[in-house]
Amino acid sequence: MNIPYIGITDFMNYEQVERMLAVFEANKKPGQNRRLHVGVMMSYKTLNKTETKWSKAFPANDDIRHIFQSSETMNCLHYADYEGVDVWRNLAKAIEFGGYLIDALQLDMVWPDPVAISTAVHTSRKFPEVILQIGKNAMEEAGNDPAQVVERLQDYNGIIHHVLLDKSMGRGLGMDAVGLLPYARAIRDAYPDLGLAVAGGLGPNTMGLVKPLLEEFPHISIDAQGQLRPSGNALDPIDWDMAEKYIVNALALLE
């Protein structure tokens, strides 16, 4: 557990997974200890079939298990709900749609109820790794203070496995890696067993954004979304040629 990953979020079918996994395996150096994170989006509204602009951008609920077919990837369901509606019941339902090969659950939420998370995971009996996104809103609620973030994380001790620092939150905004360093340091010092991940504007031509973090955190995980399409808009489909280049460049940088 906590093996670092290189992530792509917004897979829509298994053929895309097969293509990216082939590129990942062909370019991964011997001994390079990373996983391909296959990210699939779901929101409170898409889970409950409420009309939203994301309905066509996210796969149908019943299609998710068919995307999570490979045992060689880190199959991660990203669940977005910034209002925190009926958290444990909805998370339990969401995990079920992940099927038997779901490996991880990313919480794109603002400091969700830790008891609800634990209850949902245990109810599912699938025990996926849990990634807690600490985005712009979560940082603001913690006073934009790394010490307060660390204090808030005490409530999640033993429940989450990774923390994702992501101010962009899927919008393709460029990462301020220097600004994330104090948060990464504080989390590492307080919770050395937690996996650390970052996201924000990463893509085939922007991998340099993460370099300020790599000296201190060579095993940091990364995820890409908005910058894997020419428009930078997560409502548009991923350009899989761009995604291939991102994987190649990420593996080379994170060797």
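Begin with the lining of the second largest pocket, whose residues divide into eleven nonpolar, eight polar and five charged. The model on your screen is a predicted one, and every stop on this tour should be read with that in mind.

**Stop 1: the second largest pocket**

Select P4, R34, P218, H219 and I220, which, of the 24 residues that line this pocket, are the closest to its centre. The space that lies in the second largest pocket is about 430 Å³.

**Stop 2: the whole chain**

Now zoom out and show the chain as a cartoon, where you can look for ten helices and eight strands. Taken along the principal axes, the box that the C-alpha atoms fill is roughly 40 × 40 × 35 Å. The radius of gyration is 17 Å, which agrees with the value near 18 Å that a compact globule of 255 residues would have. Colour by burial next, and buried residues will make up 56% of the 255 residues in the chain. If you draw the contacts with a separation of 6 or more, 79% of them are accounted for by residues 24 or more positions apart. Switch then to a surface view: the chain exposes about 11300 Å², and carbon and sulfur atoms supply 49% of that area.

**Stop 3: helix α4 and its surroundings**

Select residues 87-97, which form helix α4, and show the side chains of its buried residues, namely V87, N90, L91, A92, A94, I95 and F97. In an α-helix there are 3.6 residues a turn, so residues three or four places apart point the same way. To see what covers the buried residues of α4, add strands β2 (35-43), β3 (74-80) and β4 (104-108), together with helices α2, α3 and α5 (114-124), all of which are included in that cover. Before leaving this helix, step to G99, which follows α4 and has a positive phi, near 75 degrees.

**Stop 4: K49**

Where does K49 have its place? Look in the loop between α2 (44-47) and α3 (64-67). Although K49 is not a glycine, its phi is positive, at about 55 degrees. The residue counts as exposed because its relative accessibility is 69%, and the cut-off for that class is over 50%.

**Stop 5: N144 and Q148**

Move on to the loop between α6 (136-141) and α7 (146-153), where N144 is found. N144 is another residue other than glycine with a positive phi, in this case near 50 degrees. With a relative accessibility of 45%, N144 counts as partly exposed.

From there, go into helix α7 and select Q148. Which residues does Q148 touch, not counting those up to four places away in sequence? They are E141, A142 and G143. Q148 also counts as partly exposed, because its relative accessibility is 35%. For a distance to draw in the viewer, join the C-alpha atoms of Q148 and A186, which are 38 residues apart along the chain and separated by 9.8 Å.

**Stop 6: G208**

Finish in the loop between β7 (195-199) and α9 (211-214), where G208 is found. Is G208 buried or partly exposed? At 44% relative accessibility, G208 counts as partly exposed. A last distance to draw runs between the C-alpha atoms of G208 and A177, which lie 31 residues apart along the chain and are separated by 9.9 Å.

Key: Residues numbered from 1 in each chain as written. Predicted model: local features only at pLDDT ≥ 70, side-chain atom pairs only at ≥ 80, totals over all residues. Heavy atoms only, no water. 1 Å grid on protein atoms, 1.4 Å probe; cavity = no way out; pocket = protein on both sides within 12 Å on 5 of 7 lines; lining within 4 Å. Points joined across faces, edges and corners; volume = space filled by probe spheres on them. Nonpolar A, V, L, I, M, F, W, Y, C, P; charged D, E, K, R; others polar. Helix = DSSP H or I, 4+ residues; strand = E, 2+ residues; numbered from the N terminus. Rg over C-alpha atoms; globule rule 2.2 N^0.38 Å. Buried < 20%, exposed > 50% of the residue type's maximum accessible area, 1.4 Å probe, protein only. Contact = heavy atoms within 4.5 Å. Areas by Shrake-Rupley, 256 points an atom, 1.4 Å probe, with all protein chains shown as cover.
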